[in-house]
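Work through these exercises with the sequence and the model side by side. Try each task before reading its solution.

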Amino acid sequence: MSQSSVSEILGALRHLFHDELVVSEGNRMRLTALGERLEAQIEAPLKLVDCLVSTEFSAEKAALDIAASDYIMAVLAPRLMQVIYTKRPDLTVRFHCIDADTGSRLSSGEIDFLVTPEIPIGLGDPQFARQQLYEDRIVVMVDAGSEVKGRLTEEQYWNLPHVFFHPNPDIYNPSRTTVLQHIQERRPDVVLVENHLLVPFFVERSDAIALMSSGFAKGLMPSASVRFVEAPFDIKVRVFASWDDSRAQDANQAWFLEQLLGVFHKSS
């Protein structure tokens, strides 16, 4: 746009809002207080407009980006891949690890879905929609040769060494928080591991135990010599899909959410 066109539109906006919106400050321009509030509020409507004018199932980006932990990927991927291969072979699904920038990437559209146990801190904003996919329960992993049979007693739980999955401490871990809330924030950990897939190898050939979701226990596990017994307490963990609701018109996203809900509904 030409400078005169911008000035004309800015003049109309100033008249509409009864505010200068942007003011000169030395050799630069800055937003007024009202301008800053408008800037924050206009992002979601602009995203919606962008979705409305985009072409459904665009050939340029027939892809979806999913952020999830390694545990969620192990549970989720086998259930989804056959559906995608059969119904949408043109669709590329890219899985990403969760990091400190995942929330902002979800908001900006770089990430389409976040799949995680419970609802992470920071996703309470109304722009984020969420749907519970399934409910999981926590079981205990022990060495295959352990003397523990059937169910771990509470006394055994507190006396045995522990291995606990714990990713980057700078990232909120809702699954761990849920477990610790049930065991009164006591920390019996001896070893903290940042990768779910490594946990069995720390338990194998030791007296250590580890809490693990039953979904992961039933999925593709490493070839470690371990088995699972019941925990001395009942802990349920809800797994949610979260997404930016201002992009609800995205056809790929709507289709994928439908498949996501379908595979877990059939397996429940």
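**Exercise 1. Take stock of the chain.**
Task: How many helices and strands does the chain have, and what share of its residues is buried?

Solution.
- Step 1. The chain has nine helices and eleven strands. Helices (H or I, at least four residues) and strands (E, at least two) are DSSP runs, numbered from the N terminus.
- Step 2. Of the 268 residues in the chain, 44% are buried. Buried means under 20% relative accessible area, exposed over 50%, and partly exposed in between (1.4 Å probe, protein chains only).
- Step 3. Turn to contacts, meaning heavy atoms within 4.5 Å. Among contacts with a separation of 6 or more, 77% link residues 24 or more positions apart.
- Step 4. Note the ground rules. This is a predicted model, where local features need pLDDT of at least 70, side-chain atom pairs count only at pLDDT 80 or more, and totals for chains, interfaces and linings use all residues. Residues are numbered from 1 along each chain as its sequence is written, and side-chain values use heavy atoms, with hydrogens and water left out.

**Exercise 2. Place strand E3 among its neighbours.**
Task: Find which strands E3 is joined to, and say why E3 is largely enclosed.

Solution.
- Step 1. Locate E3 at residues 63–68. Six of its six residues are buried, so the rest of the structure largely encloses this strand.
- Step 2. Check both faces. Ala-63, Asp-65 and Ala-67 point one way, while Leu-64, Ile-66 and Ala-68 point the other way, and all are buried.
- Step 3. Look for pairing, which takes at least two DSSP bridges between two strands. E3 runs parallel to strand E4 (residues 92–96), with five bridges joining them. Ile-66 has Phe-95 as its bridge partner in E4.
- Step 4. Now take E5. Three bridges join E3 to E5, and these strands also run parallel. Ala-68 has Val-115 as its bridge partner there.
- Step 5. Trace the path from E3 through helix H3 (residues 70–87) to E4: a right-handed β-α-β unit. Right-handed means that, with the strands pointing away from the viewer, the path from the first strand over the helix to the second runs clockwise.

**Exercise 3. Explore the surroundings of Phe-113.**
Task: Is Phe-113 buried or exposed, and which residues does Phe-113 touch?

Solution.
- Step 1. Find Phe-113 in strand E5 (residues 113–117). Its relative accessibility is 0%, so Phe-113 counts as buried.
- Step 2. List contacts, leaving out residues up to four places away in sequence. Phe-113 touches Asp-65, Ile-66, Ala-67, Leu-106, Ser-242, Trp-243, Gln-253, Phe-256 and Leu-257.
- Step 3. Pick Trp-243. It is 130 residues from Phe-113 in sequence, yet their C-alpha atoms are 4.9 Å apart.

**Exercise 4. Sort the aromatic pairs.**
Task: How many aromatic pairs does the whole structure hold? Describe two of them.

Solution.
- Step 1. The search finds four aromatic pairs. Rings of Phe, Tyr and Trp (its six-membered ring) pair if their centres lie within 6.5 Å; planes under 30 degrees apart count as stacked, over 60 as edge-to-face and the rest as tilted.
- Step 2. Phe-113 and Phe-256 make a tilted pair, 5.4 Å centre to centre with 40° between the planes. Phe-113 lies in strand E5 and Phe-256 in helix H9, so the pair ties together parts 143 residues apart in sequence. Both Phe-113 and Phe-256 are buried.
- Step 3. Tyr-157 and Trp-158 make an edge-to-face pair, 4.9 Å centre to centre with 85° between the planes. Tyr-157 is buried at 0% relative accessibility, whereas Trp-158 is partly exposed at 22%.
- Step 4. Group the rings. Phe-113, Trp-243 and Phe-256 form one aromatic cluster.

**Exercise 5. Check a helix and two loops.**
Task: What span should helix H1 have, and where do His-18 and Arg-205 lie?

Solution.
- Step 1. The expected span is 1.5 Å times one less than the number of residues. For the 15 residues of H1 (residues 3–17) that gives 21 Å, and the end C-alpha atoms are 21 Å apart, which agrees.
- Step 2. His-18 follows just after H1, with a positive phi of about 55°. His-18 lies in the loop between H1 and strand E1 (22–25) and is exposed at 71% relative accessibility.
- Step 3. Arg-205 is not a glycine, yet has a positive phi of about 60°. Its loop runs between helix H7 (199–203) and strand E9 (210–213). Arg-205 is exposed, at 77% relative accessible area.
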